[in-house]
Amino acid sequence: MVGHQVSTAEFSGKHITVAGLGVSGVSAARALAGLGATVTVVDGGDSEALRERAASLETAGITVRLADADTLPEGTDLVVTSPGWKPDSPLFAAAAEAGVDVVGDVEIAWRLRGPDAAPWLAVTGTNGKTTTVQMLASILKAAGLRTAAVGNIGTPIVDVVLGDEPYDVLAVELSSYQLHWAPSLRAHSAAVLNLAPDHLDWHGSMRAYAADKGRIYEGNTIACVYNVEDPRTERLVEQADVEEGCRAIGFTLGAPGPSMLGVVEGLLVDRAFVENRHQQAQELAEVADVHPPAPHNIANALAAAALARAFGVEAAAVRDGLRAFRPDAHRIAHVADVDGVAYVDDSKATNTHAAQASLAAYESIVWIAGGLAKGATFDDLVASAAKRLRGVVLIGADRALIREALTRHAPDVPVVDLDRTDTGAMAEAVREAARLAGPGDTVLMAPACASMDMFTNYNKRGEAFAEAVRALAAGRGTDA
């Protein structure tokens, strides 16, 4: 049970430097100070918000150094980094020179676990992590288990481990950053949902990015869950050093082979956790039980089901948990139907891999796209979606990159290029999309880009789209 018999001796009396004054940094600093460590927090910024956080920590006896992210405090025994700090940061170079280890908050949480700690069911991947972890938690709760969705999903994992709430099992979302800094992590079972180029400026290469994702499989005891449609995830399983008897479990949108979960005639079925997997399959749920039933979301549901089944959850709980689950806002969310056209908000599709999955869910699309490309290229995305595109409306700073890909791979698709990056551009984009769309079409806002050129975050971008759709509906007397 989490929160009882945690292992604290390793940190008491140590001098620990925490890199970063964000949510995980503040959480780690408070936790380590509470365990008897002498804690110094360093951060390169010096904003009013950071000074307020610093003042709060200093009242707890924690030293904070703002505008000083490169110097290793004298006497440091261990550095605990926030996930976003790059491996080549000067602070870490100084730590290496001094023979000081650098770890992340996930590593600290893992080391703090006591002998009766709840097992971790862990999830990573380029896209779909949060949804899959939330689905998994919903299934585990439907099975009557005490659980929580934690980690990269929002609740700092250190707070959960040190809290008083007892859990039977934890559904843990882990980013590639967190996995990079968590060498001791050994999950009960884990899944890598997919792999596509992302955060390469941080990792340095696709090989390094994949290797960090693959760390989630190290030491697994029961199951390594991989995506049959993404062979790279299976290769990570093959390369992992796991406990004797740990199984490779695939998930697929097609009919599953033995030791896989998949889809047969509208049903999610299990041929992995059944007595005779070579001849039998267990029905888990209907495709209609998954909300929304888009292909990539069905894949998320199968991965969540595989992890739950690895933990011994009955089939009925998988069905009940999926039926009860609803995704967070701005994830392929239906906003309204206006004049026979569906309007869908997938602002969370901030990279090409996520947008490709979203575009594959609809047959006839007017696509709203653009924003900050983050070094991405769009040829593969446009080529894969070209036959589905009825029209495209481009917004944002790097829209020309998408326009060029459309010229190469979908030259006959009408394109509206909005030469503006103000927040009001979304309302014009929706109006232009409505002009291009006809009954039976879907206007899909799946930008394939980050939002910060126009909006604070993808949530604000999604809200602007939904507001513009509601205004369109009101103007035409259609219910939204």
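## Exercises on helix packing, burial and backbone

Helix 5 passes helix 12 in a right-handed crossing. The model is predicted.

**Exercise 1.** Find how helix 5 and helix 12 are oriented, and which residues meet.

*Solution.*
- Step 1. Locate the helices. Helix 5 covers residues 129-142, and helix 12 covers residues 315-324.
- Step 2. Take the geometry. The packing angle is about 125 degrees, and the axes lie 7 Å apart.
- Step 3. Classify the angle. Angles over 145 degrees count as roughly antiparallel, and 65 to 115 as roughly perpendicular. The angle of about 125 degrees fits neither class, so helix 5 and helix 12 are oblique to each other.
- Step 4. List the partners. Helix 5 brings Met 135, Ser 138, Ile 139 and Ala 142. Helix 12 brings Ala 317, Val 318, Asp 320, Gly 321, Leu 322 and Ala 324.
- Step 5. Sort this contact by class. It has 7 nonpolar, 2 polar and 1 charged residues.

**Exercise 2.** Describe the packing of helix 16 against helix 17.

*Solution.*
- Step 1. Helix 16 spans residues 425-436. Helix 17 spans residues 458-475.
- Step 2. The two pack at about 50 degrees, with axes 9 Å apart.
- Step 3. Roughly parallel needs an angle under 35 degrees, and roughly perpendicular starts at 65. Helix 16 is therefore oblique to helix 17.
- Step 4. Helix 16 passes helix 17 in a right-handed crossing.
- Step 5. From helix 16 come Met 426, Ala 427, Val 430 and Ala 434. From helix 17 come Arg 461, Ala 464, Phe 465, Ala 468, Val 469 and Leu 472.
- Step 6. The contact of helix 16 with helix 17 has 9 nonpolar residues, no polar ones and 1 charged.

**Exercise 3.** Is Ala 434 buried or exposed? Place this residue in the fold, too.

*Solution.*
- Step 1. Ala 434 sits in helix 16.
- Step 2. The cut-off for buried is under 20% relative accessible area. Ala 434 has 9%, so Ala 434 counts as buried.
- Step 3. Look along the chain. Val 366 is 68 residues away from Ala 434, yet their C-alpha atoms are separated by 8.4 Å.

**Exercise 4.** Which residues does Thr 350 touch, leaving out those up to four places away in sequence? Then check two of these partners, Lys 374 and Ala 448.

*Solution.*
- Step 1. Thr 350 lies in the loop between strand 16 (341-345) and helix 13 (352-359).
- Step 2. Thr 350 has 18% relative accessibility, so Thr 350 counts as buried.
- Step 3. The partners are Lys 374, Ala 448, Cys 449, Ala 450, Tyr 458 and Arg 461.
- Step 4. Check Lys 374. It lies in the loop between strand 17 (365-369) and helix 14 (379-385). Lys 374 is not a glycine, yet has a positive phi of about 55 degrees.
- Step 5. Check Ala 448. It is found in the loop between strand 20 (442-445) and helix 17. Ala 448 also has a positive phi, about 65 degrees, although it is not a glycine. At a relative accessible area of 1%, Ala 448 is buried.

**Exercise 5.** Which peptide bond at Pro 292 is cis, and where does Pro 292 lie?

*Solution.*
- Step 1. The bond runs from His 291 to Pro 292, with omega near -15 degrees.
- Step 2. Pro 292 is in the loop between strand 14 (282-286) and helix 11 (295-310).

**Exercise 6.** Which members of the largest nonpolar core touch the most other members?

*Solution.*
- Step 1. This core holds 57 residues.
- Step 2. Trp 120, Leu 170 and Tyr 217 touch the most other members.
- Step 3. A second, separate core has 41 residues, including Phe 251, Leu 268, Leu 284 and Val 290.

Technical notes
Residues are numbered from 1 along each chain as its sequence is written. This is a predicted model: local features need pLDDT of at least 70, side-chain atom pairs count only at pLDDT 80 or more; totals for chains, interfaces and linings use all residues. Side-chain values use heavy atoms; hydrogens and water are left out. A nonpolar core is a set of buried Ala, Val, Leu, Ile, Met, Phe, Trp, Tyr and Cys residues joined through side-chain atoms within 4.5 Å. Buried means under 20% relative accessible area, exposed over 50%, partly exposed in between (1.4 Å probe, protein chains only). Helices (H or I, at least four residues) and strands (E, at least two) are DSSP runs, numbered from the N terminus. Contact means heavy atoms within 4.5 Å. Axes are lines fitted to C-alpha atoms, for helices over the stretch in contact, and angles run from 0 to 180 degrees between N-to-C directions. A crossing is left-handed if the near helix is turned anticlockwise from the far one by less than a right angle, and right-handed if clockwise. Ala, Val, Leu, Ile, Met, Phe, Trp, Tyr, Cys and Pro count as nonpolar, Asp, Glu, Lys and Arg as charged, and the others, Gly among them, as polar.
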